[in-house]
Amino acid sequence: MPSPQKNAFFHNTRGSGILMHISSLPSQFGIGDLGTGCINFIDFLAHSGQQYWQLLPLGPTSEIFGNSPYMSSSAFAGNPLFICPEQLVQMGLLAQEDLLAGSFSEYAVDFSQVTAWKKGVIHRAWQTFQQQLSAAEQKSFFARLTGKHHWLRKFSLFMALKEQFNQQSWMEWPEKIRQCHDEALQEAEKELQEHIRYFQFEQYLFFNQWEKIQSHAREKGIKLIGDLPIYVALDSADVWAHQEIFTLTENGEPTQVAGVPPDYFSKTGQLWGNPLYRWESTGAVQEKLFSWWQQRLQAILSTVDIIRIDHFRGFESYWSVPAEEETALHGSWKPGPGISFFQEMGHRLEDLPIIAEDLGVITPAVEKLRDDLAFPGMKILLFAFDGDPENAYLPHNMPRNCVVYTGTHDNDTTVGWYLSEEVPSWSKELATIYANCQHPDAAHFHQQLIYLAQSSVAALCIFPMQDVLGFGNDCRMNQPGTARNNWQWRCAPRFLTDSLARELRKTTALFGRLPKQASQTKNKKDKKED
């Protein structure tokens with residue numbers, strides 16, 4: 001596998017960036033998309049001296065799973081809700097009057113409203129697309145498309161079958177379809193061809209638009225950090241098409257499911273319900289499991305520059321809960337694949353630019369795996385102020401090869417934390433003392449935490465956009481352990497101001513986190529003025 005030095009991809013540089021999901025971007029259609037709002041945000045990042053944009057998973061979401069980007073129908077597909085309607089007009093697939101929409105909120109995503117409207121728009125584009133191409137041209141187009149994306153054929157069939165069976169879980173489908181018998185699948189492909197092609201068309205639009213975003217980010221010197229959940233949803237194309245690599249019965253039902261034991265976020269732990277991998281397998285099954293992971297890593301690295309692996313600790317050991325349990329309390333730790341997995345992936349892929357999400361119940365064995373691989377871990381400032389001067393999240397205890405966050409999408413916002421009655425007053429006081437704040441108040445606390453993060457030795461610091469803006473608890477992205485009212489926050493365009501970018505750039509420059517070219521230009525300017 002690549003040497004640890006190669007994996008330490010920050011090298012001797014310092015940088016900073018912002019965490020904001022696509023759904024939170026400004027747009028006039030009720031949810032952020034891959035259009036002007038996305039381009040403008042990349043420009044904002046460059047203007048403010050940032051070098052990184054961290055995203056949540058980009059896969060399709062469902063109201064059945066609370067619209068969570070961590071419970072997707074595919075580990076490979078893109079979310080059609082992110083398709084920009086304005087670009088469909090530019091492609092000649094829609095007329096301008098097709099974009100006349102109802103009243104959407106600037107501040108929160110109404111997923112039901114947005115999904116209904118966006119589906120209608122994309123269906124109109126699909127009808128136009130079919131009219132523009134002959135049958136032979138369409139056949140050639142989709143052959144090239146499925147050749148480019150190895151996963152697309154099974155995913156689009158899965159989605160068409162979900163539609164045919166009224167969105168039932170694949171475990172409730174007829175036996176031969178459920179068990180992926182070749183003859184049954186071939187028959188279904190013939191019968192559902194148009195529906196299958198529609199779902200392939202959605203993915204064509206998504207990745208066509210995403211490539212433009214990648215190109216603009218490269219032009220502006222912004223590196224994209226993607227998010228890869230370690231597990232996939234049970235009711236997904238991945239589990240249906242690759243049942244042999246998961247812990248399932250012959251009927252496709254999970255025997256053990258994923259979660260975490262009680263921690264900071266929940267007294268009863270978190271029961272995620274994802275099927276577990278058959279890490280203990282050997283021979284042909286192990287090869288299928290490793291090949292699937294190789295393809296998954298290749299796919300995400302074709303869309304982003306760096307991967308944050310969510311729940312990295314699951315590679316060392318994972319919490320296994322009997323499927324019949326109602327909470328995660330009665331699970332047990334099982335050994336993960338360990339360093340041999342990453343050695344194998346390193347042989348197959350060469351580069352592994354990975355950030356290890358190492359939060360929660362972390363043992364010396366997990367830390368050793370992370371450090372042996374030289375993957376930077378995560379440090380959360382909101383976890384730092386428990387009164388212990390040896391707390392690993394305090395800046396003076398951080399290693400250089402890590403990423404420091406004020407908070408993540410799972411935390412309260414920094415201002416929300418400061419105002420929360422659940423946080424002890426002594427913890428807030430300790431935070432303001434540590435930040436050397438002379439006049440502590442909620443209006444400036446987010447700036448003090450950003451200052452702390454920027455000033456740390458950590459190679460990279462990341463701030464949720466809500467913390468850059470100083471927004472409170474009502475703008476929180478997710479509350480773990482709850483299924484409703486999450487993932488909704490949106491940033492109105494008027495909040496992304498030049499003055500905000502200038503203020504953020506000052507702190508970024510002060511602590512040597514500007515891009516090298518920008519930093520050198522600033523130094524020359526300063527010398528001229530002297």
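This passage describes the sheet, one long-range loop residue and one helix of a predicted model.

The model contains an open sheet of eight strands, arranged in the order 9-6-3-2-1-12-11-10 and paired in parallel fashion. The edges are formed by strand 9 (354-356) and strand 10 (377-380), each of which has a single partner strand, so that one side of each is left without a neighbour in the sheet. On average, and with direction ignored, neighbouring strands of this sheet are turned by 25° against each other. Helix 2 (residues 36-47) packs on the sheet, where it touches strand 1 (15-19) and strand 2 (52-54), and the direction of this helix makes about 135° with that of strand 2.

At one edge of the sheet, strand 10 is joined by four bridges to strand 11 (residues 402-405), the two running parallel, and within this pairing Gly 377 stands opposite Cys 402 of strand 11. Further along the strand order, strand 3 lies between strand 6 and strand 2. Three bridges connect strand 2 with strand 3 in a parallel arrangement, with Trp 53 placed opposite Leu 224 of strand 3. Towards strand 6 (residues 306-310), strand 3 is held in parallel pairing by five bridges, and here Pro 229 stands opposite Asp 310 of strand 6. Because six of its seven residues are buried, strand 3 is largely enclosed by the rest of the structure.

The loop between strand 3 (223-229) and helix 10 (237-241) contains Asp 235. This residue counts as buried because its relative accessibility is 14%, which falls under the 20% cut-off. The side chain of Asp 235 reaches the backbone nitrogen of Trp 170 at 3.3 Å. When neighbours within four places in sequence are left aside, the contacts of Asp 235 comprise Phe 65, Ser 73, Phe 158, Lys 162, Gln 168, Ser 169 and Trp 170, so that Trp 170 appears both in this contact list and as the partner of the Asp 235 side chain.

Helix 4 (residues 111-132) comprises 22 residues and reaches 31 Å from its first C-alpha to its last, a span close to the 32 Å expected at 1.5 Å a residue. The buried residues of this helix are Phe 111, Val 114, Thr 115, Trp 117, Lys 118, Val 121, Ile 122, Ala 125, Trp 126 and Phe 129. These buried residues pack against helix 3 (85-90), helix 5 (135-148) and helix 9 (193-219).

Technical notes: Residues numbered from 1 in each chain as written. Predicted model: local features only at pLDDT ≥ 70, side-chain atom pairs only at ≥ 80, totals over all residues. Heavy atoms only, no water. Expected span 1.5 Å × (residues − 1). Buried < 20%, exposed > 50% of the residue type's maximum accessible area, 1.4 Å probe, protein only. Contact = heavy atoms within 4.5 Å. Polar contact = N/O pair within 3.5 Å; in protein donor to acceptor, adjacent residues only side chain to side chain. Pairing = 2+ DSSP bridges. Axes fitted to C-alpha atoms, helices over the stretch in contact; angles between N-to-C directions.
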